[in-house]
Amino acid sequence: MFKKKKNNDKENIIEDITTKEEIDDTSNVREIIVERRSGFNFSEVIIIMIIAIMFGFLLGNIVNFVVFSDNSSSNDELNELVSTYDNIVNNYYEDVDKEELIDAGIQGMINYLDDPYATYFSGDASDDFNEELSGTYDGIGIEVMLKDGVVSVGNVFEDSPASKVGIKVGDIITKVNDTDITGKSLTEVVSMINSKKKAKITVNREEEELSFELSKDTIETPVVDSEIYESNNKKIGYIKIDIFNSNSYKQFNSALKKLEKNNIEGLVIDVRDNPGGYLSEVKNILSLFLNKKQVLYQLQTKNKTEKVYGTKKSVDRDYPVSVIINDESASASEILASAFKESYGSHIVGINSYGKGTVQSASDLNSGDTIKYTVQKWLTPDGNWVNDKGVVPTDRVETVLQEGETLTYDNDTMLQTAISVVSE
């Protein structure tokens, strides 16, 4: 599947874990997923479906959540719900699609909660949602882009089928499965590549025609980039995190070790435009810098507030760290920024972050559909709630690009400031 991005006059389609529509929807949600269950048992599924129908179709009534048990009171309530469902299915004056009825009912229950971060994903949307956070997808491991009618390879993922057969960045794709792609849209080319388990791709490279046959494989989506900059005669490491999916900690830790082997004396972590993701991933990343006596964040429910600490007894990293945020840095990104700000003493560079201070739980129905809903608030180490306000930077810097201008080091004032404050 592919994620679509626009960049000035160039349109990219990146082979990724979800469709454009679902990436956009999820990015707008700005969510933290804190726990995932393998699925509901049968009785839970029945209860959820029936309550969902009640919410969706009996809008004037107040329906309480039912916890399944063997006592007669619960059975009576459940029988009443089953009876209502049967009446709708059997007696409604038109035919009722049971599957669509259930979908509409569950969606009605989610809507009833009046929770902006509660969502019901069914069918392909559920698959896309789960794949996005899993950090893997089935593909050949390339990014392709269209410019001036020419489809070319913009990126080749490490250890992917494409990298193993020798496809390179800059290769111009001319045929897919021996079919000329001249005049075809980028979406059509992508569909041709993805239509079968195996693909034959013909490219032009420096006026030489080359053909590659390759099979799809499970690809780990790269979500971390790293770089080394020099400032004030110091080596400063830089790590960009795109999302906190299942592979974020592993990729971050690997990148950090490589930077430290190069004797960096400071670090910049960039979470601009990072919509969030798994709470466990950001906890593990923070535990590389903060120990068991230092608070990472707090979780608040109806009845209690719990402080969450680092996982290691001691941490020997003490070099300066700065974090770059913007108004699209949300949830897990804000947890990371606030922890570095309040527990590590870091500079936070940029503008106020998105401001999402709640935690969601996602659970899979036996049908394969997914529901998620808010279960907690999260607070900063000092007990602040950033909801609707965002993390306030210590160094307010805004990078403004002119129309048609591409972000580079020379015009990235946020990055320049973040490097400067850790190299002083």
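E206 sits in the loop that runs between β10 (198-205) and β11 (208-215). In this predicted model, the phi angle of E206 comes out near 50°, a positive value in a residue other than glycine. As for its surroundings, E206 is exposed, with a relative accessible area of 79%. A similar case turns up at D114, where phi is near 55°, again positive in a residue other than glycine. D114 also belongs to a loop, namely the one between α4 (98-112) and β4 (119-121). With a relative accessible area of 68%, D114 counts as exposed too, the cut-off for that label being over 50%.

D270 is another story. This aspartate is part of strand β15, which covers residues 266-270, and its relative accessibility is 1%, so it counts as buried. The cut-off behind that label is under 20% relative accessible area. What does the side chain of D270 find as polar partners? One is the side chain of Y238, with a polar contact at 2.7 Å. Another is R272, whose side chain is joined to that of D270 by a polar contact of 2.8 Å. Leaving aside residues up to four places away in sequence, D270 touches Y238, I239, K240, I241 and I324. Of these, Y238, I239, K240 and I241 fall in β14 (234-241), while I324 falls in β19 (residues 321-325).

Zooming out from D270, the strand β15 is one of six in an open sheet with mixed pairing, ordered β13-β14-β15-β19-β20-β23. The edges of this sheet are β13 (224-231) and β23 (395-396), each of which pairs on one side only. Between β15 and β19 the pairing is parallel and runs over four bridges. Within that pair, L267 stands opposite V321 of β19.

Two helices pack on the sheet. Helix α8 (residues 248-261) touches β13, β14 and β15, and its direction makes about 25° with that of β13. Helix α11 (residues 413-422) touches β13, β14, β15, β19, β20 (347-350) and β23, with a direction that makes about 165° with that of β19.

Helix α9 (residues 279-286) is worth a look for its burial pattern. Its buried residues are L279, E281, V282, I285 and L286. Seen down the axis of α9, these fall within an arc of 160°, so they line one face of the helix.

Across the whole chain, the count is 11 helices and 23 strands. Of the 424 residues, 50% are buried. Taking contacts between residues at least 6 apart in sequence, 68% join residues at least 24 apart.

Confidence varies along the chain. The mean pLDDT is 82, and 82% of the residues reach 70 or more. Residues 1-31 stay under 50 throughout, although the model gives this stretch 102 contacts beyond four places in sequence. Residues 33-71 are also below 50, and here the model has 91 contacts beyond near neighbours in sequence. Where pLDDT is low, the predicted coordinates should not be read in detail.

Definitions and conventions
Residues numbered from 1 in each chain as written. Predicted model: local features only at pLDDT ≥ 70, side-chain atom pairs only at ≥ 80, totals over all residues. Heavy atoms only, no water. Buried < 20%, exposed > 50% of the residue type's maximum accessible area, 1.4 Å probe, protein only. Arc of directions from axis to C-beta. pLDDT = per-residue confidence, 0-100. Contact = heavy atoms within 4.5 Å. Polar contact = N/O pair within 3.5 Å; in protein donor to acceptor, adjacent residues only side chain to side chain. Pairing = 2+ DSSP bridges. Axes fitted to C-alpha atoms, helices over the stretch in contact; angles between N-to-C directions.
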